Amino acid sequence: MELKLTNAFKQAAGLGVIAGMRTFSAPVVVSHVYSRHPSKQLKGTPAQFMQNITTSKVFKVLAAGELVGDKLPSAPNRTSAGGLIGRFLSGALCGATVYKANHQQPVIGGIIGGAAAIGSAFGCMFLRIALGKRTGLPDPVVGAIEDVIVIATGTAIAKHM
C-alpha cells in the first residue's frame, strides 16, 4: 500500500500540527473556511456544524482565550492527559472534516489529524523549552513566537482549502 500525499492528507496533517500547538486554532481555520465556502460533502453529516458561522465565531473566541491563557504561569501542561485528549480531538475533528469535504474517508483524516496533533504537542513542547533555554527568552515570548507560527500556518492552509 502506497501513501499518497493528497491535498486532503496535507491539510489534515497540517491542521493536526496546528492543533498540537494550539487546540482551538485548527478548528478556527476549518470552520472559518467552510462557514464561508460550504462543502456539499459535509451537508447532512456530523461535521455539518463546522459550516455554521456561529460555530466559526465560537471557535475564534475560544482560540483568542487560549492565546492569552497560554502565556499565564498557571497554563496547564500541553502534554497532560487532558491537554493531549483535547489536542487529539481537535486534530481528529479537523482531519475528518477536510477528508469528508474532499470525498475521502473521514476516519482516515481523523487518524492523521489526531496523530499529527499528538506528535506536534510533544515536539513543540520540547522545542519551546529548548528555545527558551538556549536564547534566554522568557516563556511568554517564546509562546508568542509559537502563536505567530500557528497563525501563519493556519492562514497558508486556509488558502489551499
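Analyst: A residue counts as buried when its relative accessible area is under 20%. The model discussed here is predicted.

User: Why is Cys 124 called buried?

Analyst: Cys 124 has a relative accessible area of 16%. The cut-off is under 20%, so Cys 124 is classed as buried.

User: What makes Cys 94 buried or exposed?

Analyst: The relative accessible area of Cys 94 is 0%. That value is under 20%, so Cys 94 is buried.

User: How do you know whether Cys 94 and Cys 124 are bonded or not bonded to each other?

Analyst: A disulfide needs two cysteine sulfur atoms within 2.5 Å. The cysteine sulfur closest to that of Cys 124 belongs to Cys 94 and lies 16 Å away, so the two are too far apart for a bond. Cys 94 is in no disulfide, and the count for the model is zero.

User: Why is α1 described as parallel or antiparallel to α4?

Analyst: Their axes cross at roughly 160 degrees and come within 8 Å. Angles over 145 degrees count as roughly antiparallel, and therefore α1 is roughly antiparallel to α4. The crossing of α1 past α4 is right-handed.

User: Which residues make the contact between α1 and α4?

Analyst: On the α1 side they include Ala 8, Phe 9, Leu 15 and Gly 16. On the α4 side they include Arg 87, Cys 94, Val 98 and Tyr 99.

User: What makes a group of residues a nonpolar core, and how many residues has the largest one here?

Analyst: Members are buried residues from a set of types that includes Ala, Val, Leu and Tyr, joined through side-chain atoms within 4.5 Å. The largest such core has 27 residues. Leu 15, Ala 26, Val 30, Tyr 34, Val 98 and Tyr 99 have the most contacts inside it. Elements giving two or more residues to this core are α1, α2, α3, α4, α5 and α6. The largest share, seven residues, comes from α1.

User: Which residues does Tyr 34 touch, leaving out those up to four places away in sequence?

Analyst: Among them are Leu 42, Met 50, Thr 97, Val 98, Ala 101 and Met 161.

User: Why is His 103 called buried or exposed?

Analyst: Exposed means over 50% relative accessible area. His 103 stands at 61%, so it counts as exposed.

User: What is the phi of His 103, and where does the residue lie?

Analyst: His 103 is not a glycine, yet its phi is positive, about 60 degrees. Most residues other than glycine have a negative phi. His 103 lies in the loop between α4 and α5.

Conventions. Residues numbered from 1 in each chain as written. Predicted model: local features only at pLDDT ≥ 70, side-chain atom pairs only at ≥ 80, totals over all residues. Heavy atoms only, no water. Buried < 20%, exposed > 50% of the residue type's maximum accessible area, 1.4 Å probe, protein only. Helix = DSSP H or I, 4+ residues; strand = E, 2+ residues; numbered from the N terminus. Contact = heavy atoms within 4.5 Å. Axes fitted to C-alpha atoms, helices over the stretch in contact; angles between N-to-C directions. Parallel < 35°, antiparallel > 145°, perpendicular 65-115°, else oblique. Left-handed = near helix turned anticlockwise from the far one by under 90°.
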